[in-house]
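Subject: Structure for your review

Dear colleague,

Please find below the structure I am handing over to you. My findings follow it.

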Amino acid sequence: MDNIKICKLFMNKDALSFGFTHFPHETFSFYALANGITDTHTELNFSIAGLEELNQQVLSCDIDICKASANILPYVLNDYIILRAGASLGHGCGPIIVSTHQDSLEKLSGRPLAIPGELTTAHMLLMLNGAHSGPFVPMAPHEILKAVSSGQVDAGLVIHEARYFLEDLGLHIVLDLGSWWETATGLPLPLGVIVMRRSLGNEMHLAMEKAIRESILRAQGNPGESRNFILAHAKDTCPEIISGLIRSYVNEFTTELGPEGEAAVKAIIKQSLSLIKKNPPGKLNAVPGRVISQLSLHYDFAMILFAGLSRLRRHHSHSQKEQS
């Protein structure tokens, strides 16, 4: 699990809980929301934590609104709905496997490979690829490059800012799993989405989605406003790296999934389901009462995930037209 202490920004026992990670593209996107600049129309307690920690909170239903890895969605869709704003997906921004040697992944099979957590989408993609069967060594994402360069492990699966340090450490890309996914599916890679408790209802779902979208648009229109907030939580404070991460992960899909983004999320859930049925991850099975969501088993589950918000949005748009 990521060795990042949970940072509680605000605490109100009657407020909804909202969790996101320390990565610069997320602190950039949610700065206005977390600092009261964007109106949420409800009280929120914000926390910043490692992705594995947030995934565990979602799996245990201990949080109301949260960034979650696409990998865990089949387990949580009975309790959570996916919002169309705030997702991390795109082209050319997927996880990569690195090593000190220019070997193929097949040649590295059977050697220790570090992963950024068993619950991450990156790990799921590695399992889907199938060219490396382990052993896998979970560790904090920011520790993987050091473990590979020092010889602690033979290869590592890295995400986000890690790709910026490969040349300095003499590491080589063995496989770009993001490119592999895009070639296989023709779709952008969904790494994570914002999920929200179903029990909170469509009106609140739509209001929160709108607030998240406004926070992202505010950040894009005022890119320097969130600088200190980003630096306070970033693992690496290099301006070029921070800017690169924001360019890669804050894009048209972040403000609105749209048809292509929705198709990508549908595809990743189907792949995750097929993988879980073959190789149930130990951590997922260890969550009390946590089973595969029956919603995930429907062929048209993408409609189930998103239709409530679509109907409400159409109704909201129609009402606005009538008022005008």
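In β4, the residue that bridges to G19 is C66. Please note that the model is a predicted one.

The G19 contact belongs to the pairing of strand β2 with strand β4 (residues 65-69), which run parallel and are joined by two bridges. Strand β2 spans residues 16-20. With strand β3 (residues 44-48), β2 also pairs in the parallel sense, here over five bridges. Within β3, N45 is the bridge partner of S17. The connection between these strands involves helix α1 (residues 24-34): β2, α1 and β3 form a β-α-β unit that is right-handed.

As to burial, β2 is mostly covered, with five of its five residues buried. In a regular strand, side chains alternate between the two faces of the sheet. In β2 both faces are covered: L16, F18 and F20 are buried on one side, and S17 and G19 are buried on the other.

I also looked at the nonpolar cores. In soluble globular proteins, nonpolar side chains tend to be buried together. The largest nonpolar core here comprises 55 residues, and V58, L73 and I97 have the most contacts inside it. Helix α13 (residues 258-278) gives the most to this core, contributing eight residues. A second core, separate from that one, has 28 residues, including F18, I48, I212 and V250. F18 thus appears twice in this account: on one covered face of β2 and in the second core.

Yours sincerely

Methods. Residues numbered from 1 in each chain as written. Predicted model: local features only at pLDDT ≥ 70, side-chain atom pairs only at ≥ 80, totals over all residues. Heavy atoms only, no water. Buried < 20%, exposed > 50% of the residue type's maximum accessible area, 1.4 Å probe, protein only. Helix = DSSP H or I, 4+ residues; strand = E, 2+ residues; numbered from the N terminus. Pairing = 2+ DSSP bridges. Right-handed = clockwise from strand over helix to strand, strands pointing away. Core = buried A, V, L, I, M, F, W, Y, C linked by side-chain atoms within 4.5 Å.
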